[in-house]
Amino acid sequence: MKEKVFSLHDTYHVYDMEGSEKYQIRSKPISITNQTSLYDMEGKELAHIHRKVISMHETHFIEIDGKEVTEVRTKLFHPIHQEIDAPEIGWQIRGNLWDHDFSVLDSAENVRATVHRKWISLGEGYQISIASDEDIVLVLALIVTLERILTDRKNESMTSSSNPSGNSGSSNNS
C-alpha cells in the first residue's frame with residue numbers, strides 16, 4: 001500500500017506482489033467523520049469507513065456492501081500495550097502501531113494479516129501479508145481505519161503542542 005505523494009486528499013494505491021495496482025483508497029478532503037472508501041480498479045466501492053463524531057474512545061465504522069460489518073474501537077492508549085478491537089468480528093490489531101509493525105488476529109489468536117511499514121519509500125509504503133484472499137477487503141479496511149486513528153492522534157498532538165494552554169490565544173482581561 002502506497003500513499004500518493006502529491007494530492008489534495010489522501011489517496012493510497014494497493015499493489016499485488018507483481019507490482020500491479022489492485023485497489024485504491026480515497027478519503028474525502030473535508031469530512032468531520034473522516035470518510036474513506038476502498039475501491040477496486042473498476043471503481044466499485046468495496047468498503048466504506050467513517051468515524052463516530054462523539055465518542056469516549058476513538059470509534060470508526062466499517063461498511064462492506066452497504067452493511068456495517070464492525071466498529072473499530074481503541075482501548076485507552078497505553079504506550080507499551082497497543083490494541084485496537086473490532087469486537088463484532090472478534091478481531092484485534094496488536095503490535096507497535098506507531099511504527100506500523102503489527103498483526104491482525106482473530107478471536108482464536110490466529111494471525112489474519114501482518115503489516116510492516118517500509119521506511120525507505122516515496123510516500124508511505126507498507127508491506128501487508130494477508131493469510132486468506134477472502135479477508136483482503138476487511139483487512140485493508142482495518143489498516144485504513146488504523147491509519148485514520150493514528151493520523152487523528154498525530155494531528156491532535158500537533159494542535160495541543162502548538163497551543164499548550166488549551167485556549168485559542170485570545171485574552172480575557174476584566
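Student: How many of the residues in β5 are buried?

Tutor: Keep in mind that we're reading a predicted model. In β5, 5 of the 7 residues are buried, so the strand is mostly covered, with buried meaning under 20% relative accessible area.

Student: Which residue could I click on to see that, and is it buried or exposed?

Tutor: Try isoleucine 49, which sits in β5, the strand spanning residues 45–51. Isoleucine 49 has a relative accessible area of 1%, so it counts as buried. Here's the general idea for a strand: side chains alternate between the two faces of the sheet when the strand is regular.

Student: What does isoleucine 49 touch, apart from its neighbours within four places in sequence?

Tutor: Its contacts include Asn34, Gln35 and Thr36, then His60, Phe61 and Ile62, and further along the chain Ala141, Val144 and Thr145. You can also look at isoleucine 49 alongside valine 72: they are 23 residues apart in sequence, and their C-alpha atoms are 9.8 Å apart in space.

Student: Which strands does β5 pair with, and in what sense do they run?

Tutor: To read pairing, look for the bridges. β4, residues 36–40, is joined to β5 by 4 bridges, and the two run antiparallel. For a concrete pair there, take leucine 38, whose bridge partner in β5 is alanine 47. Then β5 is joined to β6, residues 59–64, by 5 bridges, again antiparallel. On that side, histidine 50 has phenylalanine 61 of β6 as its bridge partner.

Student: What links β4 to β5?

Tutor: They form a hairpin, with 4 residues between the strands. Glycine 43 is in the turn, and its phi is positive, about 90°.

Student: Where else can I practise reading hairpins?

Tutor: Go to β9, β10 and β11. β9 (residues 91–96) and β10 (residues 101–105) pair antiparallel over 5 bridges, and isoleucine 93 has valine 104 as its partner in β10. Their hairpin has 4 residues between the strands, and histidine 100 in the turn has a positive phi of about 55°. Next, 5 bridges join β10 to β11, residues 111–118, also antiparallel. Valine 104 turns up again here, with alanine 113 as its bridge partner in β11. This hairpin has 5 residues between β10 and β11.

Student: Why does a positive phi catch the eye?

Tutor: Because most residues other than glycine have a negative phi. Glutamate 109 is a case to look at: its phi is near 70°, although it isn't a glycine. Glutamate 109 is in the loop between β10 and β11, and it is partly exposed, with a relative accessible area of 46%.

Student: What is the phi of aspartate 65, and where is that residue?

Tutor: Aspartate 65 has a positive phi of about 55°, and it isn't a glycine either. You'll find aspartate 65 in the loop between β6 and β7, the latter covering 67–74. Its relative accessible area is 60%, so aspartate 65 counts as exposed.

Student: And aspartate 85: buried or exposed?

Tutor: Check the cut-off: buried means under 20% relative accessible area. Aspartate 85 comes in at 19%, so it counts as buried. This residue lies in strand β8, residues 83–86.

Student: What does the side chain of aspartate 85 make a polar contact with?

Tutor: Its partner is the side chain of glutamine 92, at 2.9 Å.

Conventions: Residues numbered from 1 in each chain as written. Predicted model: local features only at pLDDT ≥ 70, side-chain atom pairs only at ≥ 80, totals over all residues. Heavy atoms only, no water. Buried < 20%, exposed > 50% of the residue type's maximum accessible area, 1.4 Å probe, protein only. Contact = heavy atoms within 4.5 Å. Pairing = 2+ DSSP bridges. Polar contact = N/O pair within 3.5 Å; in protein donor to acceptor, adjacent residues only side chain to side chain.
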